[in-house]
Amino acid sequence: MKRIAPFVVFIMMLAAALPAPVAGHVQAQGSTVWFAEYYNNEYLQGSPAFTRQEGNLQLNWGANSPGSGVNADNWSARFAADPYFQDGTYRFYILADDGVKLWIDFPPDKKATLDTYDAPRAGTTLTADVTLAAGYHHIQVDFREVSGDAYLYVTWEKLSGGSSSGPGFPVPPQSVNINSWTAQYYNNGALAGAPVVTQVESSPSHNWGTNAPAAGVPADLFSARWTAYPTLNAGTYTITAQADDGVRVYVNGVVLINEFHGASGQTYTNTFNLQAGQHSFVVEYYDYQGNASLNFNVTLPGSTPSDPGIPTGGPMLTVTAYRLNVRSAPKTGEILTKVNRNQTFNVLGRNADSSWWQISANGVTGWVSGAYVRTANVGSVPVTWGTSTAQACPGFLPSRLVVGGYGRVTPGDPNNMRAAPNFGATALGQIPAGSAFYVVSGPTCGDNGAWWQVYYNGVSGWTLEGQYSSYWLEPI
């Protein structure tokens, strides 16, 4: 029997009952009701840990969990509303820590209006100008928390002749600019003897990967020391250091961070008071083996340290899972080795829909899932596995849909949409036969078929492509 279930609608009823707003600043806060889903992972996977309504998107969770069943770090949330807009051009403002993605009436746009989900810009106010026709419009905000503090501020205003009064957000975080450091590199892990290289650098922050940091210094088992004497105003400061492997930080001769041991990218912080004047900063670093990286930041009073885990340079990825399998092939390949959270690797290739990435780790070349990594500078990475998203799930025909494309339900019965890719998940509604939808992600194999995350009629959910030898969905 083909995909029959009761029809469920629960998202858009509130918007349909709202009156048209008055002129002026549109209801960005008080009168817009947001349906919120919170997930205990960074990529909105599976069923939400809990749902609730938010009266506005002026949310600051700090270092805390947003609610029961969700960790303080490595979580995500989706917020959806359908407010009424007058005809005109609107400026949307977002301030978030960490990643965020803004969708407006998708499809047919096919892509987000604003997207820093995989390249967070913590503390930066982001804007997007959008022209909207009079009527109700679907607004969706996807949020991703990686580590540290978490906050999300979203608002918008109607522009008049291109002018704007601004969003009235909190002051974005500001880093202290210490741009002259004396760097000393040692050919051992204990800062012993005379340095092999001494030079001036703008920052202790580096991502060496598996390379040596300087001529005459080994790629493994080396150490380094940076020294600076900045003149600072009086106030409360925060230092943040993320290291693979060890790090030690002194301010005016006092040890504030002392983590001189093997590690895989852990982050350490300390907050302290300084009087106005010149101060000494010393950062010491130790690499044991494998990848080597150090990110160091000093922030002004009341600010939030920027996310130090975004690599710069060529195509790279950073692991966000606690432990991640490296496989011989995407999805079903043999497990070759495992990598750890916050480890960073060069990206060698990808599959056609960029859901899997090819890296070299621990002496082997293999594949890691894109759901558990953060990528940077990957626009030019070649496809090295397959030429399309088509694949064969066990017990089912090869999939025909493509992420970022459109599909429709085959003639006959409607298709259920569910909160997760399995028959036991909550039913969100149905897609009638012949109706078109936008493909968000997938496929996920299960129930002798292939599940796809799709967007239809203001709702995002999972629907089954078919079972055994029958297709229930087709590309268009």
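Tutor: Two strands count as paired if DSSP finds at least two bridges between them. The model discussed here is predicted.

Student: How many bridges pair β28 with β29, and in which sense do they run?

Tutor: The cut-off for pairing is at least two bridges. Strand β28 covers residues 344–351, and its pairing with β29 meets that cut-off. One of the partnerships is Arg 350 with Trp 357 in β29. The count and sense are three bridges, antiparallel.

Student: Which residue in the turn between β28 and β29 has a positive phi?

Tutor: β28 and β29 form a hairpin, and four residues lie between the two strands. A positive phi of about 60° is found in this turn, at Ser 354.

Student: Is β29 largely enclosed or not, and which strand joins it through six bridges?

Tutor: Five of the six residues of β29 (residues 356–361) are buried, so the strand is largely enclosed by the rest of the structure. Its Ser 360 stands opposite Thr 365. The six bridges are antiparallel and lead to residues 364–369, which is strand β30.

Student: How many residues of β18 are buried?

Tutor: β18 runs over residues 235–244 and includes Ala 241. Ala 241 has 0% relative accessibility, and because buried means under 20%, it counts as buried. The strand is mostly covered, and of its ten residues the number buried is eight.

Student: Which strands pair with β18?

Tutor: Nine antiparallel bridges connect β18 with β21, and Thr 240 stands opposite Thr 269 in β21. Seven further antiparallel bridges are made with β24, where Thr 238 has Thr 299 as its bridge partner. The paired strands are therefore β21 and β24.

Student: What distance separates the C-alpha atoms of Ala 241 and Asn 297?

Tutor: Ala 241 touches residues beyond four places away in sequence, among them Val 247, Tyr 268, Asn 295 and Phe 296. Asn 297 is 56 residues from Ala 241 along the chain. Their C-alpha separation is 6.6 Å.

Student: Which residues have the most contacts inside the largest nonpolar core?

Tutor: The largest nonpolar core has 34 residues. Strands that each supply at least two of its residues include β13 (181–186), β16 (222–228), β18 and β24 (292–299). Apart from this core lies another, of 32 residues, including Tyr 38 and Leu 132. Inside the largest core, those with the most contacts are Trp 226, Ile 239, Val 247, Phe 281 and Phe 296.

Student: Which strands stand at the edges of the open six-stranded sheet?

Tutor: The order of this sheet is β14-β13-β16-β23-β19-β20, with antiparallel pairing. Two of the strands have a single partner, so one side of each is left without a neighbour in the sheet. These edge strands are β14 and β20.

Student: Which residue in β23 stands opposite Arg 248, and what N to O distance separates the two side chains?

Tutor: β19 and β23 run antiparallel and are joined by six bridges. The residue opposite Arg 248 is Glu 284. The side chains of Arg 248 and Glu 284 also form a salt bridge; the residue and N to O distance are Glu 284 and 2.9 Å.

Student: Are Arg 248 and Glu 284 buried or exposed?

Tutor: The cut-off for buried is under 20% relative accessible area. Arg 248 has 18% relative accessibility and so falls under it. Glu 284 has 5%. Arg 248 and Glu 284 are both buried.

Student: How far apart are the closest N and O atoms of Arg 78 and Asp 142?

Tutor: Arg 78 is buried at a relative accessible area of 10%, and Asp 142 is buried at 3%. They form a salt bridge, one where the closest N and O atoms are 2.8 Å apart.

Student: How many residues apart in sequence are the parts tied together by Asp 118 and Arg 144?

Tutor: Asp 118 counts as partly exposed at 31% relative accessibility, whereas Arg 144 is buried at 0%. The two form a salt bridge with closest N and O atoms 3.5 Å apart. Asp 118 lies in the loop between β8 and β9 and Arg 144 in β11, so the parts tied together are apart in sequence by 26 residues.

Methods: Residues are numbered from 1 along each chain as its sequence is written. This is a predicted model: local features need pLDDT of at least 70, side-chain atom pairs count only at pLDDT 80 or more; totals for chains, interfaces and linings use all residues. Side-chain values use heavy atoms; hydrogens and water are left out. Buried means under 20% relative accessible area, exposed over 50%, partly exposed in between (1.4 Å probe, protein chains only). Contact means heavy atoms within 4.5 Å. A nonpolar core is a set of buried Ala, Val, Leu, Ile, Met, Phe, Trp, Tyr and Cys residues joined through side-chain atoms within 4.5 Å. A salt bridge is a side-chain nitrogen of Lys or Arg within 4 Å of a carboxyl oxygen of Asp or Glu.
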